[in-house]
Amino acid sequence: MQLRLDSTHTTKAAGDWLIVGVPEAFELTGELGELDAVLGGQLARLNEQQDLTGKLGQAVTLPTPLGIAAKRLLLVGLGPQQKLGDASLNRALTTAIRQVSTRKVDQVAVAIPTVGPAEFTAARRIQVAAAAVQVGCVGQDLYRKERKRFPIAEVTLLVANAAEADLQTALHTGQILGEAVNLTRELVNLPPADMYPETFADRAAALAEEFGLKIDILGKPELEAEKMGSLLAVSSGSERPPRLVCLEYNQAPVGAPVLAIVGKGVTFDSGGLSLKPTDGMLTMKCDMAGAATALAAVVAIARLKLPVHVIGLMGLVENMTGGLAMKLGDVLTARSGVTIEVQNTDAEGRLVLADVLDYALSRGAEKIVDLATLTGACVVALGEEVVGAMSNNQPWCDAVLSAAKATGEDMWQLPMFDLYNGMIESDVADIRNVGGGRWGGAITAAKFLERFVKDKPWVHLDIAGPAFAGSDKPHREGGGTGVMVRTLVELVQRAGGGRQI
Ligand code: BES
Ligand code: MN
Ligand code: ZN
């Protein structure tokens with residue numbers, strides 16, 4: 001997609017579609033007033049009839065508007081003006097773009113709204129819009145002959161002072177963010193027959209080459225040499241060999257802390273011998289979403305040339321039921337030396353991450369964020385659309401929470417009280433890989449991971465709910481969502497902007 005900024009007046013912007021945001025309780029003054037005037041009072045009439053309210057995401061199309069240069073007009077609700085921000089603008093514009101991209105169109109103009117809080121700067125609006133238009137026109141129809149969504153050749157964002165340097169920078173940032181979100185979505189949406197540890201690692205290698213990142217890929221012999229008994233046990237039931245991808249990007253001043261972004265990359269989770277029922281297994285191609293998010297975030301950070309030192313580590317395995325699969329009662333020795341009793345082979349993500357987190361420390365990680373579709377319990381606790389955050393360090397957790405808040409991605413912290421430690425004790429080994437009963441399952445999983453990060457500031461993000469959407473909504477396609485890519489980049493951007501990570 002060709003994305004550009006332009007200062008043409010809304011009513012004069014040519015194209016197949018013009019998209020204009022309308023806030024709740026709007027007044028027909030300023031730009032909307034001018035639009036209403038050239039349209040002969042149509043907006044006023046639609047509003048009188050209650051057909052145009054500005055409710056967030058409400059879309060009203062005028063297929064043959066007279067008086068404006070564009071062929072068609074789509075009015076999309078922005079919700080309450082005072083609340084206009086990343087989340088609502090993103091939702092409004094993805095909704096609009098999803099509608100116009102159901103057919104082949106060449107040229108779309110989007111009027112960047114001028115209403116709402118002044119803190120929501122023009123640059124930020126452009127960044128959000130540029131990402132949203134990228135994400136909105138890409139679907140999960142990767143294997144359909146009859147596509148459901150079509151790429152748009154050119155999108156023009158209409159804004160005053162289009163030539164200003166900071167606005168151009170914002171456009172570029174938004175474009176990179178949108179592409180990174182789409183990369184995550186694509187990797188998650190690819191079926192497990194095509195996306196498995198080797199193909200994931202190949203893709204990472206191609207991206208590393210393209211964007212000048214350092215990459216190490218550890219195969220089975222290297223993982224054995226590293227004594228990653230916990231990760232290897234998960235992969236032992238699969239015909240497909242495991243991989244550990246380690247990407248490195250360093251444009252930081254000397255002495256800057258190394259941030260590790262670690263992702264769970266279970267390319268298919270059958271549950272292993274603790275086999276999942278069909279319903280639970282149906283979407284388990286999504287179990288590498290953490291790794292896909294880590295990969296896309298590191299790529300975006302590199303493309304944005306942020307002044308930071310970041311390593312991205314992805315633990316890639318398939319959790320299957322083969323003859324050499326790990327068994328209940330097995331005791332694994334993790335890379336760190338900790339012994340783990342396997343009481344449920346479906347609690348495999350923590351076994352993978354145990355070794356990857358430990359490896360991250362030996363690669364010099366000083367601050368860690370991990371991302372994992374780790375527990376159904378987190379979905380029970382927070383619902384399908386909220387990320388669970390668990391941490392051993394409150395200031396670091398606050399930094400992640402505030403980056404999430406700024407990007408409008410919903411996240412909520414769960415406690416890590418000492419009392420949960422008892423729940424992962426084992427009679428035969430140092431720890432076991434489940435927390436006993438069902439209760440507190442998201443937290444006991446995090447407590448398990450905590451054993452492998454020593455005392456380094458660490459935040460664990462359980463994305464089991466929000467990483468994958470079961471069905472379409474007006475504002476987003478079903479399938480991989482790319483959640484947390486924006487938050488991670490925001491986190492790193494803030495650090496690069498003077499605040500230390
Ligand atoms: N990959 C699943 C978690 C999951 C569930 C992700 C739903 C996305 C949607 C994970 O490996 C798993 O199976 N967890 C178990 C842990 C249990 C056995 C302690 C779970 O949540 O049931
Ligand atoms: Mn599992
Ligand atoms: Zn899993």
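Q: How many nonpolar, polar and charged residues does the lining of the largest pocket have?
A: In this predicted model, about 1100 Å³ of space lies in the largest pocket, and 41 residues line it, with L374, T375, G376, A377 and V379 closest to its centre. Sorted by class, the lining of the largest pocket has 17 nonpolar, 15 polar and nine charged residues.

Q: Which helix gives the largest share of the lining of the largest pocket?
A: Three elements each supply at least two residues of this lining, namely the strand β9 (258–269) and the helices α12 (376–382) and α14 (441–450). The largest share amounts to five residues, and the helix that supplies them is α12.

Q: What takes up the space of the largest pocket, and which residues come nearest to it?
A: The space of the largest pocket is taken by ligand 1. There are 16 residues around ligand 1, and by class this shell has five nonpolar, four polar and seven charged residues. Those that come nearest to ligand 1 are K276, D287, D346, E348 and G376.

Q: How far is a nitrogen atom of ligand 1 from a polar backbone atom of T373?
A: Two side chains can be considered before the backbone: a polar side-chain atom of K276 lies 2.8 Å from an oxygen atom of ligand 1, while an N or O atom in the side chain of D287 is 2.8 Å from a nitrogen atom of ligand 1. For T373 the polar atom belongs to the backbone, and its distance from a nitrogen atom of ligand 1 is 3.3 Å.

Q: What percentage of the area that ligand 1 exposes when taken alone does the protein bury?
A: The starting point is ligand 1 taken alone, which exposes 520 Å². Of that area, the part buried by the protein is 77%.

Q: Which element supplies the largest share of the lining of the second largest pocket?
A: The second largest pocket has a volume of about 910 Å³, and of the 41 residues that line it, the closest to its centre are N90, R91, E385, H475 and R476. At least two lining residues each come from α3 (86–100), α4 (122–136), α5 (165–189), β18 (468–469) and α15 (485–496). The largest share is seven residues, and the element that supplies them is α3.

Q: How do the residues of the lining of the second largest pocket divide into nonpolar, polar and charged?
A: This lining is made of 41 residues, among them N90 and H475. Divided by class, the residues of this lining are 13 nonpolar, 14 polar and 14 charged.

Technical notes. Residues are numbered from 1 along each chain as its sequence is written. Chains are lettered from A and ligands numbered from 1 in the order in which they are written. This is a predicted model: local features need pLDDT of at least 70, side-chain atom pairs count only at pLDDT 80 or more; totals for chains, interfaces and linings use all residues. Side-chain values use heavy atoms; hydrogens and water are left out. A residue is near a molecule or strand if one of its heavy atoms lies within 4 Å of it. A polar contact is a pair of N or O atoms within 3.5 Å; within protein, one must be able to donate a hydrogen and the other to accept it, and residues adjacent in sequence count only if both atoms are side-chain atoms. Accessible areas come from the Shrake-Rupley method with a 1.4 Å probe; for residues, only the protein chains shown count as cover. On a 1 Å grid over the protein atoms alone, a cavity is a set of points where a 1.4 Å probe fits but cannot get out, and a pocket is an open set with protein on both sides within 12 Å along at least five of seven lines; lining residues have an atom within 4 Å of a point. A molecule sits in a cavity or pocket if more than half of its atoms lie within 2 Å of its grid points. Ala, Val, Leu, Ile, Met, Phe, Trp, Tyr, Cys and Pro count as nonpolar, Asp, Glu, Lys and Arg as charged, and the others, Gly among them, as polar. Grid points are joined across faces, edges and corners, and a volume is the space filled by probe spheres set on the points. Helices (H or I, at least four residues) and strands (E, at least two) are DSSP runs, numbered from the N terminus.
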